[in-house]
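Let's take a walk through this one together, starting at the DNA and working back into the protein. Have the viewer open and follow along.

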Number of protein chains: 2
Amino acid sequence: MDAAPNISEVAALIADPSRGTMLTTLLGGQTLLASELARTAGVTPQTASAHLAKMVDGGLILSESHGRNRYFRLASPEVAHVLEALSIVAKPTKVRSLRQSKQTRALHFARTCYDHLAGEVGVALTSKMLEFEWLMSEGKNFAITDRGADGLLAIGVDMRRIPTGRRALARQCLDWSERRYHVAGLLGAAITNRFFELGWIGQKASTRAIEVTKAGAQGLSKNFDIRVDALKSQSETM
Amino acid sequence: MDAAPNISEVAALIADPSRGTMLTTLLGGQTLLASELARTAGVTPQTASAHLAKMVDGGLILSESHGRNRYFRLASPEVAHVLEALSIVAKPTKVRSLRQSKQTRALHFARTCYDHLAGEVGVALTSKMLEFEWLMSEGKNFAITDRGADGLLAIGVDMRRIPTGRRALARQCLDWSERRYHVAGLLGAAITNRFFELGWIGQKASTRAIEVTKAGAQGLSKNFDIRVDALKSQSETM
DNA sequence: ATGATACTTCGATGATAGACGAATAATATG
DNA sequence: CATATTATTCGTCTATCATCGAAGTATCAT
């Protein structure tokens, strides 16, 4: 029989700053190389290797070997959920360098949160979908209206083709930077995927930061009445 | 401007086994003394004092002094949420002693999860309310039907008197022992409170384990068609 | 084959922090 | 006031673990 779960064991895996940075990077939803994760954490490959082994062993991440490369990704949405929950409780660190400030601004502007959009763009998108009554707030989830289903279909997100499973359809995920909700769950992932397909957004390797392309700015303006440059300037004046 | 949140810092606070035990105990929703927490963690008062100071400083718990006593409780539902999320990911520890086995069985049978019922009793209650169509599953939440509101009113839980706020009304909370959902959120708390008021359940100090009284067994049988002893025997045969 | 790249293993080092004993402070009880 | 109880502070000891250099293995490129 199982006793109470040992939360400290998992927490200890996240508690190391190098591992924390790796996990936060992987929360971008990407599958990354050991060397890339070593670089983002600022440690040597040996050190990174030890960290990654521990996290694989602890069930936080999964690895896949291709030739001499080894790829890592988060093990499950549950792990992502832990990282999100910690992000809410964690107090934000103060920005030190100009370089860091740039990165920070990019993260606040738009980023992936496991597999869906977060940051100003993610929150603006969610806010507009509520305003258009595509979504309705329903407790800790969103309900999708008929109008919403139509609207989403128009940009190529077909709700009927989203597989139903254990995972929530449209969860309200609290954004740590905006302190407002954005759409997570299957719908959040589907929309984000479609935006990638359409070339509206792009992501550099080993960053959570998302860039909105010209086509994306047009698409967001036309379909969602979102002025991307207005968001950007707002974040720059902060 | 704020940079990315430092999740490792928070995780480090939970990563220590003594602190983990204290937090898990406080997840029972109780307000406990420093000495009680020292005992549950199995450390001396000095050591506990240092741990508690760190957790207060880190924003995980709040303290309140009454005379020479100092009481501690979890700082927020957000912190409870982190602990729950960690419980799901953490692998269960194996039971070693007979004493531990008893405690474990008690925890599996019924416990408080921050401020609502969990364990076999919590899951059974939720399951019955779904069966009776008092609740409807709705994504990651429950919706309360009119029939449900009536039924709850009959045992003294008045939905109209539950304050609406940021907190979800009836969240689906994944039970780490049963791996099924139980009712959390404001409704979960209201029901649990009422059960305490009715004397249906009781809790020993500094334990998360809940005992169902004779009155409770009758009440649960009459109102929810739950046979408490059937649950108990089931857990004993495991 | 030969060298280059990606990752891992091993061993040594150094820093961190958790533990307790002893002593102190604050409050309650009689 | 004296004494017991509760909690904290300080100093010391010890164990753990993150880190890296050096060396080793596996794969790719030419």
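How far is a phosphate oxygen of DNA strand C from an N or O atom in the side chain of A:R70? The answer is 2.2 Å, and keep in mind that we're looking at a predicted model. A:R70 isn't alone here: A:S49 also puts a side-chain N or O atom 2.6 Å from a phosphate oxygen of DNA strand C. For something that reaches a base instead, look at A:R68, where a polar side-chain atom sits 3.1 Å from a base oxygen of DNA strand C.

Now zoom out a little on that strand. There are 20 residues around DNA strand C, and the ones that come nearest are A:S49, A:R70, B:Q46, B:H51 and B:K54, so you'll want both chains switched on in your viewer. On the DNA side, 73% of the atoms of strand C that come within 4 Å of the protein belong to sugar and phosphate.

Which elements build this surface? From chain A, α3 (34–41), α4 and β4 (69–74) each supply at least two residues near DNA strand C, and so do α2 (17–26) and α4 of chain B. The largest share is that of α4(B), with four residues. Sort the residues of this surface by type and you get ten polar, six charged and four nonpolar.

Swing over to DNA strand D. Here, too, 20 residues surround the strand, with A:Q46, A:H51, A:K54, B:S49 and B:R70 coming nearest. Sugar and phosphate make up 72% of the strand D atoms that lie within 4 Å of the protein. For a base contact, check A:Q46: one of its polar side-chain atoms is 2.5 Å from a base nitrogen of DNA strand D. Next door in sequence, A:T47 goes for the backbone of the DNA, with a side-chain N or O atom 3.0 Å from a phosphate oxygen of strand D. Chain B joins in through B:A34, which has a polar backbone atom 3.4 Å from a phosphate oxygen of DNA strand D.

The elements around strand D are α2 (17–26) and α4 (45–57) of chain A, plus α3 (34–41), α4 (45–57) and β4 (69–74) of chain B, each giving at least two residues to the surface. The top contributor is α4(A), with four residues. By type, this surface holds four nonpolar, ten polar and six charged residues.

How do the two protein chains relate to each other? Rotate chain A by 180 degrees, with 0.1 Å of shift along the axis, and it superposes on chain B with an RMSD of 0.1 Å. The copies are therefore related as by a two-fold rotation axis. To find that axis from chain A, go to A:A11, whose C-alpha is the nearest to it in that chain, at 2.5 Å. Of the interface residues of chain A, 100% are also interface residues in chain B, so the copies meet through the same surface.

Last stop: the inside of a single chain. The domain assignment splits chain A into domain 1 (7–77) and domain 2 (98–236). Their centres, taken over C-alpha atoms, are 26 Å apart. Where the two domains of chain A meet, 13 residues of domain 1 are in contact with nine residues of domain 2. About 880 Å² is buried between these domains, and carbon and sulfur atoms give 56% of that area.

Conventions: Residues are numbered from 1 along each chain as its sequence is written. Chains are lettered from A and ligands numbered from 1 in the order in which they are written. This is a predicted model: local features need pLDDT of at least 70, side-chain atom pairs count only at pLDDT 80 or more; totals for chains, interfaces and linings use all residues. Side-chain values use heavy atoms; hydrogens and water are left out. Copies are superposed by least squares on the C-alpha atoms of residues with pLDDT of at least 70 in both. Contact means heavy atoms within 4.5 Å. A residue is near a molecule or strand if one of its heavy atoms lies within 4 Å of it. A polar contact is a pair of N or O atoms within 3.5 Å; within protein, one must be able to donate a hydrogen and the other to accept it, and residues adjacent in sequence count only if both atoms are side-chain atoms. Ala, Val, Leu, Ile, Met, Phe, Trp, Tyr, Cys and Pro count as nonpolar, Asp, Glu, Lys and Arg as charged, and the others, Gly among them, as polar. Domain bounds come from an automatic or database domain assignment. Buried area is the accessible area (1.4 Å probe) that two parts lose on being put together, summed over both.
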